[in-house]
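Please take a moment with the sequence and the model below, and keep both at hand while you read. We will go from the whole chain to a few of its parts.

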Amino acid sequence: MAETPLQMTVRLRAKIERRKQAAEKWSNAYEGKRPLLFASPEFTTQTGGLFKDFSDNWCATVPDATVERLMPLGFRLEDGTIDQAAGRAWRRSECDVEIGLALLEALITSRAYALVWRPDGENTEITFEHASGAVVEYVPGRRRARSAGLKVWHDGSAEYATLFTPDMVYRWQRPMRDGGQWVERTDGLSKGEPAHVPNPLGVVPLIELPNRSRLNGSPRSEIATVLPLQDAVNTLWAHMMTASDGLALPARAILGMDRPVREILDETGEVVGEEDLPLDRFRSDRLLWLEKEGASIAEFSAASLSNYLDVIGVAVEHIAAQTRTPATYLTGKLINVSADALAASEAGLVAKVTERQRHFGSGLREVMRLEALANGETARAEALALGSVIWRDPQFRSDSQYADALVKLKALGLPDEAVWERIPGVTPEEIERYKRMRTDAAGAILGGNLSALFGPKADQPDQAEEPPADALPDAA
């Protein structure tokens, strides 16, 4: 029996709930919210909640180092030209800002989503969704063919769901109290507007942006490799700080002397016993009288805590190696490092980011293809599907290195446009501005107005009028 749209909504909603637990786990790890693991019950009992909120958080450094080098700048069509319309639509939806948040969530929680839709029926809008509020289902046996997509959200009193299929869009709502049932949506719709409407795109407009997908597995969080070592580092820090409380300073012992005591007197002043003096006062006053003959003081040296630091250092090195994160991001030490050595240390990160650009770029091309379809531009949509995403260079270089490379590329005969595109961070709109400036300069040269190349001239002071000839002094 075929599944009804309501049954599909309930099933996909349950799938989101199951994934939400994993997404929350990775989000908490990114925020440094981790319980202290790998510690004995005795240690936990002795320290109580002392290290409850402590975390030497490396789970944030790894995805941050990756996402800061993932910056899409524009989109090319199949023929290699830059799609100006896609760039305007991208900025109109503020995707140039939101894409950084979406890719960061994809790195943290293993996936994010993009939705292309016309909420008002006229203007196309691109939004990015968190993994805890959206899901995409694929055709069995076809990893890229989307069969349905679900987006859910709530306003505190009611929960809403929109189910996207290639043919229809189903909109539901239910009260959040008392386990309410899903019904056709009425909130937010005008009178007489149907809850279920045809899908004008003919495809599911919800696109998944997965991280580290495999042919036979689900996407993985960038933190999955870091978390076990993160837990070990936190435990080592807790043990080291606990040990430093009692062992990091020299300890002294008094030999050959009885423990200090004081007499206990009754109401009449008679001595009825004695009790040990508390040593806290001796510690605070830093004074002690040795009255017994033969008493002496011995000293225990402070314990070295470097063993803890050595193990923590090895754990951080393992994090760097397994995640291809440069040591400069993790240790912050730069001592007499040449530019070539620094570039070599970042080779692993650059290769990882380049790989992510290919996978995320596939999803972003599909987003812009749907944006063109939503505007009725089928030819541009097909050209975008076979085009590419323009990314910023994932390797950071100095301005002098870039300038030297660009001069050499120009010497090889590359056109100006090809050289300009390699300037880090330059956008297609800036390249168009460069072309207009070049055209204006050429027009000024051909028109003989060379002074226009250097901007307007400053106002010249008025020249003094020459005096009349009879006013001139005699030559004699």
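What follows is a walk through the chain, its helix packing and some individual residues.

Please keep in mind that this is a predicted model. The chain has 476 residues, and 34% of them count as buried. Its secondary structure comes to 15 helices and 15 strands. If you take the contacts between residues at least 6 apart in sequence, 64% of them join residues at least 24 apart. A search for disulfides over the whole structure returns zero. Two cysteines are still worth finding on your screen: Cys-59 is buried at a relative accessible area of 1%, and Cys-95 is buried as well, at 0%.

A good place to begin with the helices is α12, which covers residues 378–385. Which residues of α12 are buried? They are Arg-380, Ala-381, Ala-383 and Leu-384. Looking down the axis of α12, you find these buried residues within an arc of 165°, so they line one face of the helix. The face turned away from that buried side carries Thr-378 and Ala-379, which are exposed. As for the partners, the buried residues of α12 pack against strand β1 (72–76) and against the helices α4 (84–92) and α11 (347–374).

Two of those partners, α4 and α11, also meet each other. Two packed helices are described by the angle between their axes and the distance between the axes. For α4 and α11, the axes come within 11 Å and cross at roughly 95°. An angle from 65 to 115 degrees counts as roughly perpendicular, and therefore α4 is roughly perpendicular to α11. On the α4 side the contact is made by Ala-86, Ala-89 and Trp-90, and on the α11 side by Leu-364, Met-368 and Glu-371. Sorted by class, this contact has five nonpolar residues, no polar ones and one charged residue.

Helix α4 has a further partner in α15, which spans residues 428–446. Here the axes are 10 Å apart, and the packing angle is about 130°. That makes α4 oblique to α15. Gln-84, Gly-87 and Arg-91 of α4 meet Pro-428, Glu-429 and Glu-432 of α15. What classes do the residues of this contact divide into? The contact of α4 with α15 has one nonpolar, two polar and three charged residues.

Just beyond this helix, Glu-94 is found in the loop between α4 and α5 (95–109). Glu-94 is not a glycine, yet it has a positive phi of about 60°. Another residue to check on a Ramachandran plot is Arg-324, also not a glycine, with a positive phi of about 55°. Arg-324 lies in the loop between α8 (306–323) and α9 (327–330), and it is partly exposed at 35% relative accessibility.

Now turn to strand β7, residues 168–175, where you will find Met-168. Met-168 counts as partly exposed, with a relative accessibility of 23%. Along the chain Met-168 and Pro-198 are 30 residues apart, while their C-alpha atoms are separated by 4.3 Å. Setting aside residues up to four places away in sequence, Met-168 touches Leu-163, His-196, Val-197, Pro-198 and Asn-199.

In the loop between β7 and β8 (183–184) sits Gln-181. Is Gln-181 buried or exposed? With 62% relative accessibility, Gln-181 counts as exposed. Not counting residues up to four places away, Gln-181 touches Gln-173, Arg-174 and Pro-175. From Gln-181 to Val-10 the C-alpha distance is 9.9 Å, with the two residues 171 apart in sequence.

The last stop is Arg-212, in the loop between β10 (206–210) and α6 (226–247). Arg-212 is partly exposed, at a relative accessible area of 27%. Arg-212 and His-359 lie 147 residues apart in sequence, with their C-alpha atoms 8.3 Å apart. Leaving out neighbours within four places, the contacts of Arg-212 are Ser-218, Pro-219, Arg-220, Ser-221, Glu-222, Thr-225 and Arg-356.

Note on methods. Residues numbered from 1 in each chain as written. Predicted model: local features only at pLDDT ≥ 70, side-chain atom pairs only at ≥ 80, totals over all residues. Heavy atoms only, no water. Buried < 20%, exposed > 50% of the residue type's maximum accessible area, 1.4 Å probe, protein only. Helix = DSSP H or I, 4+ residues; strand = E, 2+ residues; numbered from the N terminus. Arc of directions from axis to C-beta. Contact = heavy atoms within 4.5 Å. Disulfide = S-S within 2.5 Å. Axes fitted to C-alpha atoms, helices over the stretch in contact; angles between N-to-C directions. Parallel < 35°, antiparallel > 145°, perpendicular 65-115°, else oblique. Nonpolar A, V, L, I, M, F, W, Y, C, P; charged D, E, K, R; others polar.
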